[in-house]
Amino acid sequence: MDTAAAALPAFVALLLLSPWPLLGSAQGQFSAGGCTFDDGPGACDYHQDLYDDFEWVHVSAQEPHYLPPEMPQGSYMIVDSSDHDPGEKARLQLPTMKENDTHCIDFSYLLYSQKGSNPGTLNILVRVNKGPLANPIWNVTGFTGRDWLRAELAVSTFWPNEYQVIFEAEVSGGRSGYIAIDDIQVLSYPCDKSPHFLRLGDVEVNAGQNATFQCIATGRDAVHNKLWLQRRNGEDIPVAQTKNINHRRFAASFRLQEVTKTDQDLYRCVTQSERGSGVSNFAQLIVREPPRPIAPPQLLGVGPTYLLIQLNANSIIGDGPIILKEVEYRMTSGSWTETHAVNAPTYKLWHLDPDTEYEIRVLLTRPGEGGTGLPGPPLITRTKCAVKILERMK
């Protein structure tokens, strides 16, 4: 593994597979975090969300239950939609994953009702570094039948970041049927079919400019996937442009127009296809405010044809670093005439008209397009009268 990857947040991809018989065991090595629910969710360190609307129910193979006879036998977690109001949600939280490793998490699920109506929605959410939930990275809605289906979640995480997978059942308006999950497995090797994103990097721009995130994804037919950029607060931004890199890789661009400080947040790329979903790590949009001096320039010396000023550019509103300082000046009765770059704390304006009032401002620039801030407060001063100088020379 590249040592530079040690600072990257979690990468997640989810793949919906074709119907697959429920597995009692799997080839390969297992890691902590899986659960067959034989002894309930608590034995696997799974927890009900304290802030949802109701709880998942444990069905035990060792105890009688109220479910219809056509429901699967065994132990699993279930939600009965008829017991709850439309829109209510139950969340089951897996243990937090902190390993500096790549995992494959797969699970069985079904959405069933005796009349074939819609019991609700099963959402998969991924919380990174104890942050907000954002929107689901994958979901399934409606009747899927009474047979278990299989889905796969490919996750790579790098120290010191962590992630948590959350299963959310949401009741539909029909309030009829069941949503169930079972046989969650955490394998200590990557999934081999899930589409995934490469690392999404942070983007820094100056306020008022356009910001562009570029997401690179791999997987078959990836270019035909639905794509969007997801903000941490749940807002979704549509894709602006896609481009094929090769038959298994493509790039997608997302643009945020004329950003301000209110747009500064975490963003991640999401892709969905018939085969599943993928989600990138969260990357930060950093919006810098172009700098502006707090104080006007200070007058140090004056003559009939010159003004000596101190820029007073150390105290600013906005963000540094300062890469360019400029002085712009004009006669108060006219428009701006000249702008001079300055590389010293003081500056002497030459070739001015005698006995004339001037307005002098300082402009500061930071790196990047649009990095020049608004002019600072003006110094309004007047050059000396040339006649008085001539009288002294007599």
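Four strands line up as an open sheet in the order β12-β14-β18-β17, with antiparallel pairing; strands here are DSSP runs (E, at least two residues) numbered from the N terminus, and two strands pair if DSSP finds at least two bridges between them. This is a predicted model, where local features need pLDDT of at least 70 and side-chain atom pairs count only at pLDDT 80 or more, while totals for chains, interfaces and linings use all residues. Numbering runs from 1 along each chain as its sequence is written, and side-chain values use heavy atoms, with hydrogens and water left out.

**The open sheet**
- Its edge strands, β12 (196–197) and β17 (241–246), each pair on one side only.
- β12 meets β14 (residues 211–218) in the antiparallel sense over two bridges, and His196 sits opposite Thr218 in β14.

**β7 and β8**
- These two strands pair in the antiparallel sense over four bridges, and Thr121 has Thr141 in β8 as its bridge partner.
- Side chains in a regular strand alternate between the two faces of the sheet.
- On β8, Trp138 and Val140 make up the covered face, and Asn139 and Thr141 the uncovered one.

**The cores**
- The largest nonpolar core (buried Ala, Val, Leu, Ile, Met, Phe, Trp, Tyr and Cys residues joined through side-chain atoms within 4.5 Å; buried means under 20% relative accessible area, 1.4 Å probe, protein chains only) has 39 residues.
- Those with the most contacts inside this core are Trp56, Tyr109, Leu122, Phe167, Ile181 and Ile184.
- β10 gives the most to this core, five residues.
- Beyond its neighbours within four places in sequence, Leu122 has contacts (heavy atoms within 4.5 Å) that include Trp56, Tyr109, Trp138, Val140 and Phe167.
- A second, separate core of 22 residues includes Leu200, Ala207, Leu229 and Val287.

Terms used. Buried means under 20% relative accessible area, exposed over 50%, partly exposed in between (1.4 Å probe, protein chains only).
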